[in-house]
Number of protein chains: 4
Amino acid sequence: MKLLIDEKGRKYLLGEGKDLHCNYGMIRAKDIEKAGVGGLVESNKGRKFNVLEPDILDFISKAKRGPQAMTLKDMGLISGYAGLESGSRVLEAGTGSGLLTMYLAHIVRPADVITYEVREDHARVARENFERFGIGNVDSRIGDLYDGIGEEGLDAVLLDLTEPWRVVPHLEGSLRVGGRLVSYSPSINQSRQLADVLEGYMHETFECILRHWKADTMRPDTRMLGHTGFLTVARKLK
Amino acid sequence: MKLLIDEKGRKYLLGEGKDLHCNYGMIRAKDIEKAGVGGLVESNKGRKFNVLEPDILDFISKAKRGPQAMTLKDMGLISGYAGLESGSRVLEAGTGSGLLTMYLAHIVRPADVITYEVREDHARVARENFERFGIGNVDSRIGDLYDGIGEEGLDAVLLDLTEPWRVVPHLEGSLRVGGRLVSYSPSINQSRQLADVLEGYMHETFECILRHWKADTMRPDTRMLGHTGFLTVARKLK
Amino acid sequence: MKLLIDEKGRKYLLGEGKDLHCNYGMIRAKDIEKAGVGGLVESNKGRKFNVLEPDILDFISKAKRGPQAMTLKDMGLISGYAGLESGSRVLEAGTGSGLLTMYLAHIVRPADVITYEVREDHARVARENFERFGIGNVDSRIGDLYDGIGEEGLDAVLLDLTEPWRVVPHLEGSLRVGGRLVSYSPSINQSRQLADVLEGYMHETFECILRHWKADTMRPDTRMLGHTGFLTVARKLK
Amino acid sequence: MKLLIDEKGRKYLLGEGKDLHCNYGMIRAKDIEKAGVGGLVESNKGRKFNVLEPDILDFISKAKRGPQAMTLKDMGLISGYAGLESGSRVLEAGTGSGLLTMYLAHIVRPADVITYEVREDHARVARENFERFGIGNVDSRIGDLYDGIGEEGLDAVLLDLTEPWRVVPHLEGSLRVGGRLVSYSPSINQSRQLADVLEGYMHETFECILRHWKADTMRPDTRMLGHTGFLTVARKLK
């Protein structure tokens with residue numbers, strides 16, 4: 001795959017050997033090939049594009065997504081506060097469109113990310129994303145974590161579910177001692193209900209407000225994303 | 001090593017075979033050994049402690065640190081926005097007390113993190129931290145990145161320096177096309193001066209405000225950390 | 001004047017004896033009159049509207065305004081931190097579309113607000129607003145505060161200007177000892193340049209981030225206004 | 001009264017004819033008198049103090065207060081969103097130590113602020129504050145607003161109570177149509193319970209996060225007040 005970025009910062013992801021066709025003109029695959037990574041190509045309408053090798057962050061930003069897709073800041077925080085690294089044994093639910101799954105897969109590989117989703121239509125979109133971007137270390141399953149967890153010795157369980165507190169009883173045999181539960185919820189009331197059942201865990205709840213700045217004029221952007229979700233991080237003590 | 005956590009959530013890191021001696025009493029190594037991970041031990045003063053296996057986040061939280069030590073949220077964001085994963089080729093400066101270095105090392109291993117520090121006293125503290133916690137994949141060097149970068153083909157350059165803009169000219173031959181510079185600065189004026197020289201890069205500047213909540217009463221904490229640093233993420237286009 | 005509020009919370013301000021004509025139908029003045037304040041009227045399209053007496057906040061929200069019009073939270077803070085009350089002697093610049101002026105006028109009346117504006121077109125819009133809403137205690141002038149201040153013994157000088165630091169030398173003879181300067185600036189760099197010349201003043205700079213919540217689901221709004229301006233409050237000591 | 005401010009910005013409020021005795025030395029009343037407002041006095045230990053006339057903001061900052069005393073930003077916002085001005089008919093509960101009462105009194109005078117407090121000990125502290133600072137236009141009463149409101153035609157009802165929703169039924173005959181209820185609550189759950197009973201009102205809930213900056217170095221303060229309260233503003237429609 002190749003990544004083209006135009007003068008306005010718009011990204012175009014192209015399969016190998018594909019021409020670019022967009023509002024700003026057409027570019028032939030062979031011209032992109034000739035320019036190579038780091039090169040500059042020009043469309044027949046005179047627009048210039050930089051040629052790059054895409055990476056996981058490009059895949060995530062160009063993946064098919066639902067309306068409530070997770071942001072990169074939450075992915076970075078979830079992974080960071082869960083202590084994930086190459087080889088970590090991670091279980092995630094729900095898969096949604098699989099954006100967090102892709103992020104996790106790039107952190108823990110060569111280990112697999114196990115991801116559960118109740119809705120087949122969501123799982124299908126997620127699997128298309130994994131396939132399109134060649135992400136092999138994902139074990140995508142249809143299932144409901146409220147019913148139980150079959151795995152054992154997990155390092156982390158990551159939840160983006162409506163009623164995360166219903167999963168907690170199932171962590172007894174599945175999450176290792178010292179392992180972490182990280183739950184993402186839009187409402188602080190969900191965090192409260194989760195916290196209410198976290199006996200035997202050290203836990204904290206926080207939100208992260210990301211604020212973009214115009215560095216040149218030293219002022220924050222006028223419009224911002226005011227809220228994504230509250231994060232609860234819980235560590236199993238016994 | 002063993003990690004003991006008391007009823008108030010205080011952490012105690014113990015070398016193998018060491019007894020615990022703290023304000024809340026004494027516990028013998030053999031009792032900790034017998035309790036095992038997930039077990040409970042009691043001090044001679046009647047305090048109870050959970051026994052856990054420490055991980056990288058524990059090491060970071062218990063490492064020797066300076067007054068301006070980086071927070072976990074910034075580590076997670078820096079690593080996330082840099083797109084780091086196992087095998088990434090990362091260069092960092094300055095090392096400081098090595099907390100970010102330790103975090104990066106656990107993400108990119110088995111690759112080494114290359115880290116530069118001008119001050120020998122800081123580098124010494126950092127190396128003691130790496131040694132104490134058994135972190136082997138760090139290449140710690142004394143040197144000034146303002147003078148130049150000897151490495152080539154880096155995936156990411158991560159800066160916590162007073163004048164980050166002085167490093168940008170040296171990225172020409174050292175950061176690969178598509179690779180990322182992430183710079184952390186307390187003042188937005190530093191971000192501005194950096195942004196001013198980022199020609200040939202796509203870049204954005206933001207801050208992340210982390211806000212802890214009392215989940216049970218559904219209210220934010222009264223006191224909070226109002227600021228750590230501004231992050232500038234720049235991607236090399238050519 | 002009458003204020004009509006529809007089921008979605010949209011406001012309609014009507015001159016005495018005027019019919020309502022809007023996308024949701026028509027209502028005759030006599031029907032509004034008959035319903036009276038606190039009553040309910042229905043349009044010929046079946047929409048219901050509450051009838052109210054408008055007040056200063058309605059006038060401000062329905063006034064003609066430019067793109068950078070000040071928000072109510074900043075008006076409340078400026079007035080509060082300036083210590084304004086009935087009778088306060090206030091000078092303001094620039095007038096802009098006069099929203100802050102209207103707010104100040106309702107606080108300090110029966111005293112006049114003196115307001116300066118360099119641009120005649122802005123002053124004209126502001127004066128139309130004052131006239132439309134019957135706000136008499138405003139002394140609207142064309143002039144540039146960078147050139148000097150003719151008044152003496154002012155309790156407060158309130159600035160929404162590009163280069164507020166240029167006004168500070170003129171406060172010598174015009175702002176009383178103990179009186180306050182409040183300056184509103186989009187960029188923190190403007191606050192810095194102002195602070196640099198505030199010798200002989202106690203001063204502080206802050207911003208206020210207003211965050212709306214959906215109270216029923218206990219979650220913040222997804223989209224929010226991320227920034228309006230930084231406020232510097234300075235008190236003259238000698 | 002006189003206000004002395006030392007080189008560090010510390011404030012000292014002195015009754016007429018009183019000497020200053022503080023950690024930084026002693027100053028005689030006659031020397032303060034001689035220096036006059038805008039003058040400089042020096043203590044016997046060589047400390048310098050500016051002499052000012054105190055105003056309402058000084059009184060509020062030096063009043064006796066409880067641990068949860070309201071901040072100036074919330075006072076400015078409450079007054080602003082309630083649309084208060086000279087002559088407004090305002091009822092407030094609970095009085096607490098009377099800081100908001102004092103603020104309101106300076107806005108609405110010559111009208112009285114009616115303020116209710118259940119606890120006699122709190123009311124006593126508040127009344128001492130009103131007396132000490134010569135604030136006459138306050139009608140301080142012992143009573144419980146949950147039991148009912150005796151007044152009629154109020155322009156605004158301002159609540160800082162644990163269960164604000166219990167007051168809403170009593171607004172039927174006491175708050176005028178178009179008048180506003182503003183309620184201040186530490187927990188968003190209180191805001192939710194209030195919003196649940198606000199039928200017949202337009203309402204919004206928000207919080208205001210005040211963030212101080214070091215203007216000279218263009219960075220926010222490291223430590224900040226992360227939370228005071230959520231504000232719900234409700235306007236009576238019928």
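These questions and replies concern the interface of chain B and chain A in a predicted model.

Local features need pLDDT of at least 70 and side-chain atom pairs pLDDT 80 or more, while totals for chains, interfaces and linings use all residues. Residues are numbered from 1 along each chain as its sequence is written, chains are lettered from A and ligands numbered from 1 in the order in which they are written, and side-chain values use heavy atoms, without hydrogens and water.

Me: What makes a residue part of the contact, and how many does each chain give?
Reply: Contact means heavy atoms within 4.5 Å. By that rule chain A gives 56 residues and chain B gives 56 residues.

Me: What is the area buried between chain B and chain A?
Reply: Buried area is the accessible area (1.4 Å probe) that two parts lose on being put together, summed over both. Here the value is about 4800 Å², with 61% from carbon and sulfur atoms. Trp213(B), Arg235(B) and Leu237(B) supply 11% of what chain B buries against chain A, more than any other three residues.

Me: Why is the pair Arg235(B) and Asp55(A) called a salt bridge?
Reply: The term requires a side-chain nitrogen of Lys or Arg within 4 Å of a carboxyl oxygen of Asp or Glu. The closest N and O atoms of Arg235(B) and Asp55(A) are 3.9 Å apart, so the pair qualifies. The rule finds 10 salt bridges across this interface.

Me: How do you know that S12(A) and S12(B) pair?
Reply: Strands (DSSP runs of E, at least two residues, numbered from the N terminus) pair if DSSP finds at least two bridges between them. Nine bridges join S12 (residues 201-214) of chain A to S12(B), therefore they pair, and they run antiparallel. Phe206(A) stands opposite His212(B).

Note on methods: Helices (H or I, at least four residues) and strands (E, at least two) are DSSP runs, numbered from the N terminus.
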